[in-house]
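Subject: Structure handover

Hello,

Here is the structure for your files. Please keep it open while you read the notes below.

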Amino acid sequence: MEALEIARWQFGITTVYHFLMVPLTIGLGLVVAVMQTLWYRTGKEHYLRMTKFWGKLFLINFIMGVATGLVQEFQFGLAWSEYSRFVGDVFGAPLAMEALLAFFVESTFLGLWIFGWQRLPKILHLGSLWAAVLASVLSAYFIIVANSWMQHPVGVELVDGRARMVDAWAVFTNNTAVVAFTHTVFGALAVAGGFLLGIAWYHLWKRRHDGLDTVDDAGSVIVGSDPSGSRGSIDHSVWLRSARIGAVVALISFAGTAASGDLQAKLMFEQQPMKMAAAEAACHDGTGFSVLSVGNLGSQNCDDIVAVFEVPGLLSFLANGDFTTEVKGVNTLLPEYEEQYGKTLPNDPMYGERAGMDIDYLPVMEVTYWGFRIMIGFGVMAAFAALVALWILRKGTVPESRWLMRLAVFGILAPFGANSAGWIFTEMGRQPFVVAPNPDPSGIDGVFMFTAAAVSPGVSLAELVFSLVALTLVYAVLLVVEVRLLFTYVRGGVASAMPELAHKHDDANSPGGKDNDDVLAFAY
Amino acid sequence: MSELLPTIWFTLVAVLWTGYLFLEGFDLGVGMLMKLFARTDRERRLLLNTVGPVWDGNEVWLVTAIGATLAAFPLWYASLLSTLYVPFVLVLLGLIFRAVAFEYRGKMNNDQWRQRWDLAIFLGSFTSAAGIGAALALTTTGLPLNENGDRVGGPFVWLTFDALLGAAAVVLFCLVHALAFLVLKTDGPIRERARGLLLRTLPVAVVPLLVWAARVYIADGTAWTGLLLLAAVGAAAASWFAQRAGRDGWGFSWLGAALAASLACIFGSVYPVVLPSTLDDAFNLTVENASSSPYTLGLMSIVAAFGVPLVLAYQGWTYWVFRKRVTEQSIPDAHSVVPL
């Protein structure tokens with residue numbers, strides 16, 4: 001392996017890993033903020049407990065997003081110095097704004113929220129959470145503006161071989177960014193929906209398993225309580241409401257991702273036709289959407305790819321909104337790319353030993369084809385499961401089946417899988433470019449960069465291997481720790497986030513007010 | 001005129017680094033003191049909770065300093081980070097462990113769990129402070145860069161006396177700054193112990209920082225940066241006398257002023273160079289040749305003019321909300337999370 005490949009693996013691993021935490025932070029943050037708002041407005045105990053319990057899981061996950069996010073701010077300079085030099089003038093602005101306008105708000109107000117229970121007036125405490133959560137949404141917007149500029153560079157001109165921003169409005173309202181941001185936020189909500197539903201399902205199941213809840217002849221729930229009274233009707237209400245909220249959020253976000261994804265695909269057929277052809281393993285021009293293609297997907301020999309099942313006209317619909325327009329296949333696009341951007345890397349010192357090498361304009365088709373389908377498939381599965389769950393929950397509890405409970409918990413992973421697959425698809429599909437060229441008339445011609453030119457010339461292979469191994473190992477260990485901690489807190493139920501519950505009766509309501517003022521309401 | 005915007009941004013980056021070391025300085029120091037100074041678990045928790053609500057906000061100063069460098073001086077960002085690849089990766093690993101440890105340490109009631117995270121906090125704080133100190137010293141004293149701004153030499157070619165000096169300067173400053181912070185933020189026996197240790201160590205601990213400033217001043221200084229160096233020495237002395245007189249707030253502020261004056265002397269002396277090449281002065285990165293276009297700098301100036309005062313306002317408010325001193329009595333008992 002050479003330095004370029006190691007650097008790419010490192011970027012892929014650190015970014016996909018970071019983006020396991022981020023959607024849960026954004027999605028769950030919004031949901032917890034709504035829960036606390038409901039508590040603020042109604043004063044109902046179950047909303048307080050929901051806020052505390054889900055808020056605790058939110059924090060356990062949030063910090064991992066913060067920690068792994070640090071790497072993002074540095075790694076363009078570490079392993080991709082030529083990229084930073086080429087794009088810094090335009091790419092740095094959204095990153096700096098993200099830090100100054102979003103990260104500061106997020107971290108400062110989250111600190112206020114964590115430690116501010118009982119110290120801040122309730123309205124300010126609630127406002128702190130909203131500030132933090134909305135800032136995390138804002139940060140998503142800034143970073144997607146940066147990423148979308150790599151997919152569809154706008155608002156720049158080329159000066160001395162570097163991209164120079166001339167129109168900030170164009171950069172910050174890039175159509176690619178607007179749809180990608182929408183798609184990403186709905187994707188984040190989908191993660192939160194599945195998370196809520198799976199965990200709440202487990203607790204509803206556990207209540208039945210422990211003999212607290214039973215059902216009458218009609219199958220409707222009869223809510224019971226444990227002897228200590230800490231798992232009574234309020235506890236049941238916490239899980240039932242959480243499960244229903246989760247299912248509804250999952251369904252809404254599925255509709256949102258589908259609608260925004262459709263817009264995104266239409267833009268991408270214009271802006272990065274090769275990526276979409278590779279998503280289809282579409283060798284020929286055509287109109288049909290492949291549900292399953294087998295064979296050597298990466299082959300340019302169309303005989304090697306067999307479309308087992310195709311939906312006629314659907315590809316044209318995805319690309320253009322009709323059923324007849326031919327969408328260009330790989331074999332048509334390849335000569336076009338070669339003519340416009342060259343067959344080999346130029347003899348420029350910036351390419352180092354890679355100068356003069358052949359350029360392969362075809363992304364790794366196995367990855368793009370399956371990434372696209374895994375994204376859609378997992379998304380559809382999760383939405384379907386949410387619909388079924390909502391129907392089952394109409395009787396106020398879940399079946400006693402352990403198998404079904406495991407499925408619900410395991411299903412939490414599906415939206416995570418869809419998010420990762422979508423990002424891997426869109427980033428791998430952009431190759432061999434790090435900044436994709438623009439065939440589209442609204443884009444800027446001539447501003448593009450090959451990934452092969454972006455890597456740091458001064459950094460040795462040994463350094464890259466060291467950091468790849470170190471970061472991957474640390475990330476693996478921390479993932480195990482985080483998941484273990486989440487399991488522990490989930491198993492402990494609401495009491496894991498509200499230790500005071502263990503010492504007092506349920507339904508007796510509202511903590512706070514009479515606590516010793518000298519003791520911190522929350523401490524690390 | 002064409003140098004005005006880059007100069008403003010160079011100043012702002014220097015201010016961001018100063019803000020970072022002033023704020024995160026004490027939470028990095030508190031992280032190290034949890035191992036070096038606290039004696040019992042309750043004391044360790046007491047220390048941790050003095051910075052609990054604010055450390056994450058403090059850390060964003062680093063992220064913003066790096067992000068602003070990319071936006072305003074892409075060539076500085078690219079050369080500094082890629083040249084100091086290994087130290088920055090270590091800084092990141094340290095910051096990752098430290099952040100997770102802060103949040104996770106109290107999440108289980110288990111001695112082994114706590115001890116492991118305590119080690120992570122100590123090593124993470126130490127590594128980050130040392131690495132950032134080395135990087136800042138080297139960006140003011142120079143690195144072996146070629147004409148493209150890339151490193152000439154192996155992965156450890158940066159490991160020089162200046163790197164060690166910068167690392168020592170920041171680590172030791174963080175330690176005494178954290179002691180001054182504990183004097184200000186805690187009450188009871190631990191506060192008296194912190195003051196005692198601070199009075200004994202402060203005169204030595206600020207020496208590497210002042211030596212770094214003096215070296216840069218001697219190499220590139222001007223009259224006004226010389227005055228800043230004198231001011232730094234004076235502020236450090238004033239801090240010591242204020243602490244001895246029991247004036248916690250003044251002691252803490254004077255120490256912060258010593259840091260600010262030292263960094264102002266350092267960055268002011270190297271200006272207009274942002275990253276010197278030790279191979280050839282022609283390869284130096286300067287505010288002019290490393291900066292973004294006037295358009296980008298203008299846009300970012302508007303954003304900063306709006307954003308920076310806002311950040312100062314609400315971060316200041318946070319410190320006011322959590323102004324109460326923390327004592328051993330204010331730390332609640334650890335609780336266990338038990339499966340249902």
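The notes below go from the contact between chains to the helices and then the core.

This is a predicted model, in which local features need pLDDT of at least 70 and side-chain atom pairs count only at pLDDT 80 or more, while totals for chains, interfaces and linings use all residues. Residues are numbered from 1 along each chain as its sequence is written, and chains are lettered from A and ligands numbered from 1 in the order in which they are written.

Chain contact. Chain A and chain B each put 69 residues into their contact (two residues are in contact if their C-beta atoms, placed from the backbone, lie within 7 Å). On the chain B side, the elements giving two or more residues are H2 (41–51), H3 (55–72), H4 (74–83), H5 (85–104) and H12 (294–321). Helices here are DSSP runs of H or I with at least four residues, numbered from the N terminus. H5(B) supplies the largest share of that side, 13 residues. By class the chain B side has 43 nonpolar, 19 polar and 7 charged residues (Ala, Val, Leu, Ile, Met, Phe, Trp, Tyr, Cys and Pro count as nonpolar, Asp, Glu, Lys and Arg as charged, and the others, Gly among them, as polar).

Helix packing in chain A. H1(A) (residues 3–42) and H6(A) pack at about 70 degrees with their axes 7 Å apart; axes are lines fitted to C-alpha atoms over the stretch in contact, and angles run from 0 to 180 degrees between N-to-C directions. The two helices, H1(A) and H6(A), are therefore roughly perpendicular (65 to 115 degrees). Their contact has 13 nonpolar, 2 polar and no charged residues.

A:Val179. This residue is in H6(A), residues 175–209. A:Val179 counts as buried because it has 22 C-beta neighbours inside 10 Å (the cut-off for buried is 20 or more other C-beta atoms within 10 Å, placed from the backbone). Beyond neighbours within four places in sequence, A:Val179 is in contact with A:Ser260, A:Leu263, A:Gln264 and A:Leu267.

Core. The largest nonpolar core has 312 residues, and A:Ala243 and B:Val176 touch the most other members. Such a core is a set of buried Ala, Val, Leu, Ile, Met, Phe, Trp, Tyr and Cys residues joined through C-beta atoms within 7 Å. H3(A), residues 81–116, gives the most to this core, with 22 residues. Leaving out residues up to four places away in sequence, B:Val176 touches B:Leu198, B:Thr201, B:Leu202, B:Ala205, B:Val206 and B:Leu255.

Regards

Methods. Buried ≥ 20, exposed ≤ 12 C-beta atoms within 10 Å, placed from the backbone. Parallel < 35°, antiparallel > 145°, perpendicular 65-115°, else oblique.
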